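Student: I have a model open and want to go through some of its contacts and helix packing. Can we start?
Tutor: Yes, go ahead.

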Amino acid sequence: MSRNAIYWVTTALLALELVLGGVSDVLRVPQVRVVIDRLGYPAYFLVILGVWKLLGAAALIVPRFPLLKEWAYAGVVFNLTGALASNVVSGVTDTGTLVYLVLMMGVTAASWALRPASRRNLPLS
């Protein structure tokens with residue numbers, strides 16, 4: 001599989017996760033509310049996270065705007081590492097959840113590392 005194909009597969013997986021998670025957060029579906037309550041965050045935090053996830057997915061998929069893409073990748077890393085830390089600190093050590101978060105960090109890193117030059121924030125010459 002070519003580098004470009006792997007980039008698009010990882011980016012599509014990442015965008016799909018962001019869209020599904022964002023919609024679930026904005027709609028505050030019961031399964032997500034249970035998790036956010038267990039972690040000790042207020043319910044309104046879901047709407048904030050959900051909107052950010054949806055905007056991040058759009059930023060990763062649309063052409064151009066390489067600096068915006070860099071910020072979107074950074075936001076995904078902040079979200080995933082924050083989720084991992086929140087779970088561990090609050091005593092939620094469900095192996096499946098923790099493995100999934102680490103796996104998504106890997107998908108994010110692969111998408112970022114394999115992005116084509118047209119999607120990189122190259123220094124101004």
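Student: Leaving aside its neighbours within four places in sequence, what is leucine 80 in contact with?
Tutor: Leucine 80 is in contact with Leu101, Met104, Met105 and Thr108, where contact means heavy atoms within 4.5 Å. This is a predicted model, in which local features need pLDDT of at least 70 and side-chain atom pairs count only at pLDDT 80 or more, while totals for chains, interfaces and linings use all residues. Residues are numbered from 1 along each chain as its sequence is written, and side-chain values use heavy atoms, with hydrogens and water left out.

Student: Where is leucine 80 found?
Tutor: Leucine 80 is in helix 4, residues 66-89. Helices here are DSSP runs (H or I, at least four residues), numbered from the N terminus.

Student: Is leucine 80 buried or exposed?
Tutor: Leucine 80 is buried, at a relative accessible area of 10%. The cut-offs are under 20% relative accessible area for buried, over 50% for exposed, and partly exposed in between, using a 1.4 Å probe and protein chains only.

Student: How many residues apart in sequence are leucine 80 and threonine 108?
Tutor: They are 28 residues apart in sequence, and 9.6 Å apart in space, C-alpha to C-alpha.

Student: Staying in helix 4, what does alanine 72 touch, not counting residues up to four places away in sequence?
Tutor: Alanine 72, which is in helix 4, touches Gly56, Ala59 and Leu60. Alanine 72 counts as buried at 10% relative accessibility. Between the C-alpha atoms of alanine 72 and serine 86 there are 21 Å in space, and the two are 14 residues apart in sequence.

Student: And from the other side, what does leucine 60 touch, with the residues up to four places away not counted?
Tutor: Leucine 60 lies in helix 3 and touches Tyr7, Thr11, Leu14, Leu18, Lys69, Ala72, Tyr73 and Arg119. Its relative accessibility is 1%, so leucine 60 counts as buried. The C-alpha atoms of leucine 60 and glutamate 70, 10 residues apart along the chain, are separated by 8.8 Å.

Student: Thr11 is in that list. Which side chain does the side chain of threonine 11 make a polar contact with?
Tutor: That of serine 111, at 2.6 Å. A polar contact is a pair of N or O atoms within 3.5 Å; within protein, one must be able to donate a hydrogen and the other to accept it, and residues adjacent in sequence count only if both atoms are side-chain atoms. Threonine 11 is in helix 1 and is buried, with a relative accessible area of 0%. Beyond four places in sequence, threonine 11 is in contact with Leu60, Ile61, Tyr73 and Ser111.

Student: At what angle do helix 1 and helix 3 pack?
Tutor: Helix 1 (residues 3-26) and helix 3 (residues 44-61) pack at about 155°, with their axes 7 Å apart. Axes are lines fitted to C-alpha atoms, for helices over the stretch in contact, and angles run from 0 to 180 degrees between N-to-C directions. The two helices are therefore roughly antiparallel to each other. The classes are under 35 degrees for roughly parallel, over 145 for roughly antiparallel, 65 to 115 for roughly perpendicular, and oblique for the rest.

Student: What about helix 1 and helix 5, what is the angle there?
Tutor: Helix 1 and helix 5 (residues 95-114) pack at about 135°, with axes 8 Å apart. That makes helix 1 oblique to helix 5.

Student: How do the residues of that contact divide by class?
Tutor: The contact of helix 1 with helix 5 has 10 nonpolar, 4 polar and 2 charged residues. Ala, Val, Leu, Ile, Met, Phe, Trp, Tyr, Cys and Pro count as nonpolar, Asp, Glu, Lys and Arg as charged, and the others, Gly among them, as polar.

Student: New topic, backbone. What is phi of arginine 64 near?
Tutor: Phi of arginine 64 is near 65°, a positive value in a residue other than glycine. Most residues other than glycine have a negative phi. Arginine 64 lies in the loop between helix 3 and helix 4 and is exposed, with a relative accessible area of 62%.

Student: And phi of phenylalanine 65, what is that near?
Tutor: Phi of phenylalanine 65 is near 55°, again positive in a residue other than glycine. Phenylalanine 65 is in the loop between helix 3 and helix 4 and is exposed, at 52% relative accessible area.
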